[in-house]
Amino acid sequence: MNRILACLARNQLLISLTVLALALLFPLVFPSQYSIRMATLCGMYIVLALSLNLITGYTGQVSLGHAAFFGIGAYTAAILATRFGLNFLFTFIAAAIVAGLAAFLLGLPTLKLKGHYLAMVTLGFCEIVRLVEMNWMGLTRGPLGILNIPPPSLWGFTIDAPIEYYYFIVALVVLTIKLVQNIVDSRVGKGLIAISEDEIAAEAMGINILRYKVMVFVISAALAGFAGAFYAQYMSYIDPTSFGTDQSISIFIMIIFGGLASIPGTIIGVIVLTLLPEVLRGLMDFRLIIYGLILIAMMLVKPEGLLGNINFTRIKKAADGKKAGELK
Amino acid sequence: MKNKSKMLGLLISICLMLSVLAGCGPASEANNGQAGSDKGKSYKLAFFGPLSGDAMQYGVAIKNAVELEIRKVNDAGGINGVPVELKVFDDKNDPKESVNIANKIVSDPEILVAIGSFTSSCSLAAAPVFQKNQVPLFSPTASHPDFPFAGDYMFTLAMTQKLESKKFAEFVIEQFGPKKVATIYQNTDYGVTANDIFVNRIKELGGTVTGSEQFISGQTKDYSPLISNIKAQQPDIFYVIGSYSEAAQIIQQAKALDLKAQYIGNGQLIREDFLKLAGANGEGLVVMSSIPVFLSSALEHQKLSANTEAFVNDFKKAYQVEADGFSAMGYDSASLIVDAIQKAGADKKGIRDALAQTKNYAGVSGNLSFMDTREVERSLINYRVKDGTFIPYVRE
Amino acid sequence: MFIQQLVNGLTIGSTYALVAIGFTLIFGVLELINFAHGSFYMVGAYFTLMLMLAMGGNFVLAFIISLALTGALGAMMDHFALRRIRERRATKDAALISTIGIATVIDHSVLEFFGSETKSFPAVLNLGKITVGNTIISYMQILIFAVAVILMGLLTFILYKTRIGKAMRAVSQNMDAAKLMGINVNFVISFTFLVASVLAAIAGTMVGMYYQAIEVTMGFAIGMKSFAAAVLGGISVLPGAMLGGLIIGVVEALGASISSGYRDAIAFAVLIIVLVFKPSGLLGKKHNNKV
């Protein structure tokens, strides 16, 4: 097992490229509209889960309100696209900015809260946002939802066919992974991990905890807003039911299931949990009971998540060190 | 050398991942499909609706009615000797799920028509997928005014709320005069639209609307703050728009807070369960409906046409429960589609055209003619609750 | 009108408080957000109703058996699903996910057995109401409030005056030290779950009686509100849960008289604002960080 992991760690680039190649080939192997759609949704959830992992996994702040930012992004994009016919470059960026701004306004006063208090605040925020979406008829059309959101188009080329959406989300996923990786590897990332391990020690080391937390919270929300914009234009119809606390909780489950603070873990967690209900569809009523049982069983067998305890960077270093030793 | 075996392990794990992905492919669909009938030797239809979750009782009733008709057709030798096959999907009353299912359905080119969904949200969300792929989507119950406008492959057997709520308001003004009306409605696509149209029509006809309160389904069971607001407005008429269980609770709590007014409700309330939940508080309630009702208590005072009676009896025999209006609409949906296939064969466009031409069809849910917008007009049937039963409404 | 809304709010608040007390108990001992608490509340109400129907309307017996069953279910949940996670010293998040899994299993099993329809709950106690001026108060409302206060008192007594209560507090302060002192930690925790689940079943039955109806989804919304109530009062402080519940109920009722659509939004907004100024809740003690 350890050897395989070491090998995986050493060949990170090769593996990433293989996975990417497989992702690119996927729609050619499984061309049905349904499988492409499921793969596209997986992609979208990967963006969402990776962004939540930034704040919850790497920084250790439990947020149960991620769907709020997802929803804010979706509504921003949908309103700008339907009312003002704005181009998707603009709607996507606006979605990210508005979601980030909301996170800034929420995070600045509340991110000093600890553990479960923060969980409750984010959960409450998610409910507030959903209620605004349901009640502000003039802006969001409330429970009627926004219909006929135009597909993204640029310079005369319109993303329309399922396969085009799929490649679009693959590109977004790659960008998100790169971004998250860069943040984690940077000085900021080290600070975040320090915060998640011991806040007081981190503060003593001169890390401005609140600034770091707010910064990463805003980035995380902006990414969720991005995913929301994609969702709105992909589905062409949104209503408030997609952005409730149950959605927040299911994203949260995905990152715990896959393993906190692990990019490959998150990806696998998302794929497994998105496809599980589909695979169990034949069981009809019993599928959610089984889904629940699988969650319980998983936490008994591997409470740290699928790839939770595996730190590829550390393994790689260890393996490299060993190799270097052998060479000498 | 070692590296090679490691790479093998890697490859195996990738394959495993891929096979999980592949689990959603057409391969797993085969498991769901019914056995028998060679390829091309059956007409395939799809049904989707809420078969689990909070609206499941409606979805199951409609599915049962659709299956009843299809069994009947197949027992009689199918359509020109070709059996009909139904694929069933559960959308859990979640629009996202219904889009997933829509994609699954259109991925199978053999499926000729889809019947679904129960709620307007799910039907509306799925509509663009069907329209784009030119597969007729036939909803037995979607009453949102936008639904028929999602495209010319959309059909609904419900009278859309634009017509229905207008008729409700006209009935109220006609029966009770231009009085003070207060409403309480469910914050859903149905509730919001129904309330808007009703309130506007009341105002147009000279009535006063003292206030409209809204609630979110599933969020709370305590409506007393809303009822206290309404009580302060002293309305003459109190219109409750909600599911039967919500309405039963609203009425019970309103009576507990001594809100004195004529209580009225709509067709969703015409169920035995409503009477059980509301108990004595339901007395005197007036219910307006555009959906047919077959409650045994209501039937004592009302005569059904021969084919409707046959449907009600067959349904009871097959499922040991009373048929309701929605199941009658589900049954009619299936019959109309079978008729259309008989005329057009396995041709989606032909089926669409045949369906659109339906005129004066004697369905079990009433006389059906599609308007240009592929919706139907129905006349209201009104009831009053008296001694714990629904009796046909007569002016007092 | 204002007084009527106050009464409405206090009634809603007492139901939140009833649920929040059990929630707080588990949080206090384990620092675990028990997402399954709302499901126990629902399942307790279902047990009472179904047993009562099965036994020809014997409410008292049905109620007692329901409390025993729900309590046993709670202890079993800890024994089979949570103990191992605890022993492996996994993160709190794992236990939290496990409670979400348990909630899913319970909710959908009840759905499978009893269907999704709202069940009418017979009016066991028909106590009538009093009218003071324009304000109407039913005796059932007073009873719910009283039960919440009594349960809170009883629990405080157990926690501070009995051996098992002392053990619970010891476990909540330091699990390892408690073990070293010879406390059977697993037993104490399972017992805590048992008590919390019994409380949930009492709450579910009371609320079912008051609204004369129960349904599968009744646990989710109230679960979130009682979480909010517990946090507002200061997690793990029992009188805080009570106070938090009542405040959220009253704010909700008054909020609804301003705008019915935003009633919950107003309640949550108040919660967030309070936490910004008092980060450990209204009655919570300021938490000193240990290095």
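**A sheet in chain B, a contact between chains A and C, and a shared core**

Let me begin with chain B, where five strands form an open sheet in the order S2-S1-S3-S4-S5, with parallel pairing; please keep in mind throughout that what we are looking at is a predicted model. The edges of this sheet are taken by strand S2 (84–90) and strand S5 (154–156) of chain B, and each of these has a single partner strand, so one side of each is left without a neighbour in the sheet. From one strand to the next, the twist averages 25°.

If we now walk through the pairs, strand S1 (residues 43–49) of chain B runs parallel to S2(B), and seven bridges hold that pairing; one place to find it on the screen is B:Gly49, whose bridge partner in S2(B) is B:Asp90. Helix H4 (residues 95–107) of chain B packs on the sheet, where it touches S1, S2 and strand S3 (111–115) of chain B, and its direction makes about 175° with that of S1(B).

S1(B) is also joined to S3(B), again in parallel, by four bridges, and here B:Leu45 stands opposite B:Val113 in S3(B). On to the next pair: S3(B) and strand S4 (residues 137–139) of chain B run parallel and are joined by two bridges, with B:Ala114 opposite B:Leu137 in S4(B). Is S3(B) largely enclosed by the rest of the structure, or largely open? Four of its five residues are buried, so S3(B) is largely enclosed.

Let me turn to the contact between chain A and chain C, which takes 35 residues from chain A and 36 residues from chain C. On the side of chain C that touches chain A, the elements giving two or more residues are helix H3 (59–87), helix H4 (92–114), helix H9 (218–233) and helix H11 (263–277) of chain C. The largest share, twelve residues, comes from H4(C), and the residues of this side of chain C divide into 24 nonpolar, seven polar and five charged.

Finally, the largest nonpolar core has 337 residues, among which A:Ala99 and C:Ile21 touch the most other members. Helix H8 (residues 185–211) of chain C provides the largest share of this core, with 18 residues. Domain 1 (41–159 + 313–368) and domain 2 (162–289) of chain B both give residues to the core, so it lies between them. To look at C:Ile21 itself, and leaving aside its neighbours within four places in sequence, its contacts are C:Leu151, C:Met152, C:Leu155, C:Leu199, C:Leu238, C:Ala241 and C:Met242.

Notes
Residues are numbered from 1 along each chain as its sequence is written. Chains are lettered from A and ligands numbered from 1 in the order in which they are written. This is a predicted model: local features need pLDDT of at least 70, side-chain atom pairs count only at pLDDT 80 or more; totals for chains, interfaces and linings use all residues. Two strands pair if DSSP finds at least two bridges between them. Axes are lines fitted to C-alpha atoms, for helices over the stretch in contact, and angles run from 0 to 180 degrees between N-to-C directions. Two residues are in contact if their C-beta atoms, placed from the backbone, lie within 7 Å. Ala, Val, Leu, Ile, Met, Phe, Trp, Tyr, Cys and Pro count as nonpolar, Asp, Glu, Lys and Arg as charged, and the others, Gly among them, as polar. A nonpolar core is a set of buried Ala, Val, Leu, Ile, Met, Phe, Trp, Tyr and Cys residues joined through C-beta atoms within 7 Å. A residue is buried if 20 or more other C-beta atoms lie within 10 Å of its own, exposed if 12 or fewer, and partly exposed in between; C-beta atoms are placed from the backbone. Domain bounds come from an automatic or database domain assignment.
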